[in-house]
Amino acid sequence: MSTELQTYLSREGERVAAALDRSMEALPAAVAGPVRDAVRHGVTSGGKRLRPILCVTAYRACGGKASDDEALYDLAASLELIHAYSLMHDDLPCMDDADLRRGSPTTHRVHGEDATMVGGAALIPFAALRALQAALRLGCPDATARRVARTLVEAAGAGGMVGGQWLDLQGEGRSLRADELGVLHGMKTGALLTAGLTMGARAAGAEVAVDEALEEYGRAIGLAFQIADDILDATQSAEVLGKTPSDAELEKSTYVALHGLEGARTRAGEEVDAALVALRRSGLDAPILALLARYIVEREH
Ligand code: GRG
């Protein structure tokens, strides 16, 4: 990773972490005891914070000038609240039954299944409210703020991440075709990554053509991200990745199974190229988005 991107990710990651701490303070007091502990575990236990970072980067690239910087990071953090719940639920025994996430025991292993289920569910409407409130504090007109919040909810829902999760569950133990795998991951992983970009762009009042180019960039980096995930899963140990179980243990279809390791690397490279073409088409001066597209396939975890 370039030093420029490393510095950027670490500085922005800290600001996102501060916004997540603010979110935890704003969580209604009724979410108490082990449920509150489970939420805090899921939300504040690290991660790359990629989705919120895409949001603030797109917002600024589209000319957004936040008068209230905290509002911008609170908006971005709403994406991470959804991401956190999805990982909490994905790790539950009825899903992947995972013991390890980000190098530590999963939320339900520490705080119990009931608390993780309830805490994760509490995060969904909470994230939508945080997004709406933050967009209004940012100075977005009412209709824009509603659209920004709707972008998050649609990406998280049955037409996006949850729908992709269902396709994933249905696909376990079967060999999916490339087109099926593309649809699945476009929904499960790509939708929320893309929402990061379009929420930022829409909050900044970006033009339709820019918004569409960012959607294409998001689609392409989402797929590249997933192919890279499959390659890492097939080539790295659980210690390096900090997570169990592996795709093979879950009998999941992967890009490595479909194309082989070299073929998967080529496919990931093609999607990075497509992302860079879309970025050029957007006309945005956003060198960080170009660096991010390359980093997504070069990352080591
Ligand atoms: C409704 C019971 C119930 C479950 C739904 C929606 C859902 C659970 C799961 C969504 C699927 C999911 C886990 C998608 C994310 C896939 C993915 C690529 C995760 C890893 O993202 P990174 O690498 O993670 O950004 P870090 O750790 O960096 O945050």
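**View 1. Aspartate 74 is buried and pairs with arginine 130.** In this predicted model, aspartate 74 has a relative accessible area of 3%, so it counts as buried. Its side chain meets that of arginine 130 in a salt bridge, 3.7 Å from N to O. Aspartate 74 belongs to helix H4 and arginine 130 to helix H6 (residues 113-137), so the bridge ties together parts 56 residues apart in sequence. Arginine 130 is buried too, at 10% relative accessibility.

**View 2. Aspartate 96 and lysine 252 form a salt bridge between two loops.** Their closest N and O atoms are 3.7 Å apart. Aspartate 96 sits in the loop between H4 and strand S1 (100-101); lysine 252 sits in the loop between helix H11 (238-241) and helix H12 (255-282). The pair ties together parts that are 156 residues apart in sequence. Aspartate 96 is buried at 11%, and lysine 252 is buried at 15%.

**View 3. Arginine 219 and glutamate 216 pair within helix H10 (residues 208-235).** The two residues are 3 apart, about one turn of the helix. Their side chains meet in a salt bridge of 3.2 Å, N to O. Both ends are partly exposed: arginine 219 at 37%, glutamate 216 at 24%.

**View 4. Salt bridges with shared partners build one network.** Its members are Arg22, Asp68, Glu70, Asp74, Arg130 and Arg137. The whole structure holds 29 salt bridges.

**View 5. The structure holds 1 cavity of 30 Å³ or more.** The largest cavity has about 100 Å³ of space. Of its 13 lining residues, Gly42, Ser45, Arg101, Arg102 and Thr107 are the closest to its centre. H4 gives the largest share of the lining, 3 residues. The lining divides into 4 nonpolar, 6 polar and 3 charged residues.

Terms used: Residues numbered from 1 in each chain as written. Predicted model: local features only at pLDDT ≥ 70, side-chain atom pairs only at ≥ 80, totals over all residues. Heavy atoms only, no water. 1 Å grid on protein atoms, 1.4 Å probe; cavity = no way out; pocket = protein on both sides within 12 Å on 5 of 7 lines; lining within 4 Å. Points joined across faces, edges and corners; volume = space filled by probe spheres on them. Helix = DSSP H or I, 4+ residues; strand = E, 2+ residues; numbered from the N terminus. Nonpolar A, V, L, I, M, F, W, Y, C, P; charged D, E, K, R; others polar. Salt bridge = Lys/Arg side-chain N within 4 Å of Asp/Glu carboxyl O. Buried < 20%, exposed > 50% of the residue type's maximum accessible area, 1.4 Å probe, protein only.
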